[in-house]
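Here is a short report on a single chain. It covers strand pairing, the nonpolar core, salt bridges and a few backbone details.

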Amino acid sequence: MRKRKKHRLIWVLLFLILAAIWIVYDGNTRIVTDEYSLGNGRLPEGFEGMRVVQLSDVHAAVFGRDNERLYNAVRAARPDIIAVTGDLVDDPEQLDYAREFFDAVTAIAPTYYVSGNHEWACGCARDVFKIAEAAGATVLRNRYVTLERGGDRIVLAGVDDPNGLRDQKSPAEVVADIREDYPSDYVLMLAHRDTELDMWADLGVDAVLCGHAHGGLVRLPFTDGLVAPGQGLFPTYTSGIYTQGGTQMLVSRGIGGTHGLPRIFNNPQVLVATLTGGS
């Protein structure tokens, strides 16, 4: 009887170990595509149904040969534009990754990029800006562009991560620049940090795409996310849409990992934001 119990225990432990290995492997290698509707009655009719594919917190992650699984997922999402919201690389030695990445995504759809804290922390932000521009991406460094579709117009803006230059324009100054030229236009903002909903709502920005939290890194059934940079345990903003007043903030769970920590029940995410005039 003791031998049987011992054998059963060994088999149970083996099963648990294999299950844990599979959970970690799946959570870090299987890309998921999640779709959200950003509804705002101020959106011009011409932009109804516009698909924005957001890629955030890539951290030089590779999925298959030549990263084709990631790029295939982006293609399959049928983007009208692609928004890259920071933390693309972590090290100057990954600049070749940045070149390959921007060459690939700009071939799929018009691409817009804002910096994250990691590009500035590794001292390679300016190199990434040059690489992105050389590939044909638009780098939104505390500035904005206008998009036209169906005879209508919206403003697409982006801000550098706070880890950037000390004398860079503040988000309030960027929005003030927009409102000087386009007092009442719909504004879609790209940012890296996920903790600024109050600020964007106070500034009257219509929609914000951001990341940074990695979905809370570990996502368990009893919580929305376990831990996130700058938010500690049980962070407030980890995934999906958060609303305050007339502002919607869509937070990506990101694609890569950081500091060697695994993603658990939190698969790499290609996020699709479909703009709609509904609420």
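Which residue stands opposite A207 in β9? The residue is L188. The model is predicted, and the values below are computed from it.

**Around β9**

Strand β9 covers residues 207-210. A207 and L209 point one way from β9. V208 and C210 point the other way. All of these residues are buried. In general, side chains in a regular strand alternate between the two faces of the sheet.

β9 has a parallel partner in strand β8, residues 187-190, with 3 bridges joining the two. Strand β13, residues 247-251, also runs parallel to β9, and 4 bridges join that pair. A207 takes part here too: its bridge partner in β13 is Q248. Helix α7, residues 197-203, completes a right-handed β-α-β unit with β8 and β9.

H212 is found in the loop between β9 and β10. H212 is not a glycine, yet its phi is positive, about 80 degrees. Most residues other than glycine have a negative phi. H212 is buried, with a relative accessible area of 4%.

**Around β2**

Are the residues of β2 buried or exposed? Buried: 5 of its 5 residues are in that class. R51, V53 and L55 point one way from β2, while V52 and Q54 point the other way.

β2 pairs with β14 in the antiparallel sense over 4 bridges. V53 has V272 as its bridge partner in β14. β2 is also joined to β3 by 4 bridges, and these two strands run parallel. There, V52 has I81 as its bridge partner. β2, α2 and β3 make a right-handed β-α-β unit.

The loop between β2 and α2 holds D66. Phi of D66 is near 55 degrees, a positive value in a residue other than glycine. D66 counts as exposed, at 60% relative accessibility.

**The nonpolar core**

The largest nonpolar core has 39 residues. Those with the most contacts inside it are L55, L70, L88, F101 and F102. The elements that give two or more residues to this core are β2 (51-55), α2 (68-76), β3 (81-85), α3 (95-106), α5 (125-134) and β14 (269-276). α3 gives the most, with 7 residues. In soluble globular proteins, nonpolar side chains tend to be buried together.

**A nonpolar surface patch**

Nonpolar side chains also appear on the surface. L9, W11, V12, L13, L14, F15, L16, I17, L18 and I21 form a patch there. Together they have about 1,100 Å² of accessible area. L14, one of these residues, has its place in helix α1, residues 2-29. Why does L14 count as partly exposed? Because its relative accessible area is 38%, and the partly exposed class runs between 20% and 50%.

**Salt bridges**

How many salt bridges does a search of the whole structure find? It finds 11. Side chains of opposite charge can pair when their charged atoms come close. Three of the pairs are listed here.

| Pair | N to O distance |
|---|---|
| E35 and R51 | 3.1 Å |
| D206 and R42 | 2.7 Å |
| R75 and E68 | 3.4 Å |

The pair of E35 and R51 links distant parts of the chain. E35 is in strand β1, residues 32-39, and R51 is in strand β2, 16 residues apart. E35 is partly exposed, with a relative accessible area of 48%. R51 is buried, at 9%.

Where do D206 and R42 lie? D206 lies in the loop between α7 and β9, and R42 in the loop between β1 and β2, so the pair ties together parts that are 164 residues apart in sequence. D206 is buried, with a relative accessible area of 2%. R42 is partly exposed, with a relative accessible area of 40%.

In the pair of R75 and E68, R75 is partly exposed, with a relative accessible area of 39%. E68 also counts as partly exposed, at 31% relative accessibility.

Key
Residues are numbered from 1 along each chain as its sequence is written. This is a predicted model: local features need pLDDT of at least 70, side-chain atom pairs count only at pLDDT 80 or more; totals for chains, interfaces and linings use all residues. Side-chain values use heavy atoms; hydrogens and water are left out. Patches are made of residues with over 30% relative accessible area and no salt bridge: like charges are joined within 9 Å, nonpolar side chains (Val, Leu, Ile, Met, Phe, Trp, Tyr) within 5 Å. Accessible areas come from the Shrake-Rupley method with a 1.4 Å probe; for residues, only the protein chains shown count as cover. A salt bridge is a side-chain nitrogen of Lys or Arg within 4 Å of a carboxyl oxygen of Asp or Glu. Buried means under 20% relative accessible area, exposed over 50%, partly exposed in between (1.4 Å probe, protein chains only). Two strands pair if DSSP finds at least two bridges between them. A crossover is right-handed if, with the strands pointing away from the viewer, the path from the first strand over the helix to the second runs clockwise. A nonpolar core is a set of buried Ala, Val, Leu, Ile, Met, Phe, Trp, Tyr and Cys residues joined through side-chain atoms within 4.5 Å.
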